[in-house]
Amino acid sequence: MRTKSTKRGLGVGLATVLLLAGITAFADSGSAVADANTTTAVSAGPATFTQAVPTGQPSQYSSSLERCANGVSYPLSGANPILSEPLNTQFTSNVGLSEYVTFSGNQYYGDWQFVFTNTSDEVLSTDCAVLIFRAPSGSDDHSYSSTQAYGHPQEDYVEVPRGDGTSLYVVRLDFHDVTLSQRQVAPGQSFTYEIGGIPSSAITLAQIRDSLEFTADLNLQANQALIEHYGTNRLTN
């Protein structure tokens with residue numbers, strides 16, 4: 001997991017797991033004036049779904065509860081296949097969620113957050129969920145937080161630059177050493193994924209919001225096929 005960098009925009013830190021990037025316009029004065037923007041919320045996914053419940057206890061690494069506790073990197077031998085896939089332009093999810101994106105910062109550096117709310121009738125486990133989105137290139141900070149108790153999240157992560165000032169990001173949220181309840185989000189509760197970096201006029205907040213594809217792990221298969229397909233890197237805790 002990545003932590004906040006002490007030299008924002010220059011260094012890469014390690015931390016807890018959070019959210020995204022984008023800004024619509026900047027002051028043309030050239031001064032570092034603070035800015036804040038928030039999109040409207042959009043919704044996707046079914047109100048009801050079935051999610052398999054893992055067995056095992058925290059730190060029992062052979063159990064399904066800890067299926068994403070440990071991981072490795074999956075380097076690709078050629079171009080990342082995501083570059084040849086159509087861009088997603090409407091928020092999608094396999095579980096009921098609303099989502100909006102907020103930016104805070106200035107033209108030199110800022111933080112973008114995807115803020116999700118569980119709009120379904122079910123308790124959602126975010127463990128092993130995969131987020132795919134487009135945002136400004138060069139994020140140096142990314143992490144996760146929740147309105148409910150959570151613990152020890154980490155990530156499988158890859159940034160794939162498109163060459164136009166934006167990148168495609170693939171992230172799997174991985175928990176370890178905590179109870180199932182600390183990996184869950186109840187109906188009406190929220191969680192957030194955040195990234196930090198240098199803003200770009202190549203993409204708007206609304207385009208960032210609409211690019212998001214959320215895939216919860218419903219069958220305890222850990223979304224493994226997705227992270228291997230896109231060649232993610234396991235980040236240290």
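The structure holds nine salt bridges, a salt bridge being a side-chain nitrogen of Lys or Arg within 4 Å of a carboxyl oxygen of Asp or Glu. The model is predicted: local features need pLDDT of at least 70 and side-chain atom pairs count only at pLDDT 80 or more, while totals for chains, interfaces and linings use all residues. Residues are numbered from 1 along each chain as its sequence is written, and side-chain values use heavy atoms, with hydrogens and water left out.

## Overall composition

The protein has two helices and 14 strands; helices (H or I, at least four residues) and strands (E, at least two) are DSSP runs numbered from the N terminus. Of the 237 residues, 49% are buried, where buried means under 20% relative accessible area, exposed over 50%, and partly exposed in between (1.4 Å probe, protein chains only). Among contacts between residues at least 6 apart in sequence, 81% join residues at least 24 apart; a contact means heavy atoms within 4.5 Å.

## The six-stranded sheet

Six strands form an open sheet with mixed pairing, in the order β3-β13-β7-β10-β9-β14. Two strands count as paired if DSSP finds at least two bridges between them. The edges are taken by β3 (92-93) and β14 (233-234), each with a single partner strand, so one side of each is left without a neighbour in the sheet. Within the sheet, β7 (residues 130-136) and β10 (residues 166-175) pair in the antiparallel sense over seven bridges. Pro 136 has Thr 166 in β10 as its bridge partner.

## Salt bridges

Side chains of opposite charge can pair when their charged atoms come close. Three of the pairs are set out below.

| Pair | Closest N to O distance |
|---|---|
| Arg 183 and Asp 127 | 2.9 Å |
| Arg 172 and Asp 174 | 3.0 Å |
| Arg 234 and Asp 174 | 3.0 Å |

Arg 234 lies in strand β14 and Asp 174 in strand β10, so their salt bridge ties together parts that are 60 residues apart in sequence. Arg 234 and Asp 174 are buried; the relative accessible area of Asp 174 is 0%. Arg 172, the other salt-bridge partner of Asp 174 in the table, also counts as buried, at 2% relative accessibility. These residues belong to a network of salt bridges that links Asp 156, Arg 172, Asp 174 and Arg 234.

The salt bridge of Arg 183 with Asp 127 involves loop residues. Arg 183 lies in the loop between β10 and β11 (184-185) and Asp 127 in the loop between β6 (124-125) and β7, so the pair ties together parts that are 56 residues apart in sequence. Arg 183 and Asp 127 are both buried.

## Positive phi values in two loops

Most residues other than glycine have a negative phi. Cys 128, although not a glycine, has a positive phi of about 70 degrees. Cys 128 is found in the loop between β6 and β7 and is buried, with a relative accessible area of 0%. Asp 177, likewise a residue other than glycine, has a positive phi near 65 degrees. The place of Asp 177 is the loop between β10 and β11, where the residue is partly exposed at a relative accessible area of 26%.

## The largest pocket

Pockets were sought on a 1 Å grid over the protein atoms alone, a pocket being an open set of points where a 1.4 Å probe fits, with protein on both sides within 12 Å along at least five of seven lines. The largest pocket holds about 150 Å³ of space, the volume being the space filled by probe spheres set on the points, which are joined across faces, edges and corners.

Lining residues have an atom within 4 Å of a point; here they are Ile 82, Glu 85, Pro 86, Leu 87, Asn 88, Ile 132, Phe 133, Arg 134, Leu 168, Ser 211, Glu 213 and Tyr 230. Strand β7 supplies the largest share of the lining, three residues. By class, the lining has seven nonpolar, two polar and three charged residues, with Ala, Val, Leu, Ile, Met, Phe, Trp, Tyr, Cys and Pro counted as nonpolar, Asp, Glu, Lys and Arg as charged, and the others, Gly among them, as polar.

Asn 88, one of the lining residues, is placed in the loop between β2 (42-44) and β3. Asn 88 counts as partly exposed, at 21% relative accessibility. Leaving aside residues up to four places away in sequence, Asn 88 touches Asp 210, Ser 211, Leu 212 and Glu 213. The C-alpha atoms of Asn 88 and Ile 208 are 9.8 Å apart in space, and the two residues are 120 residues apart in sequence.
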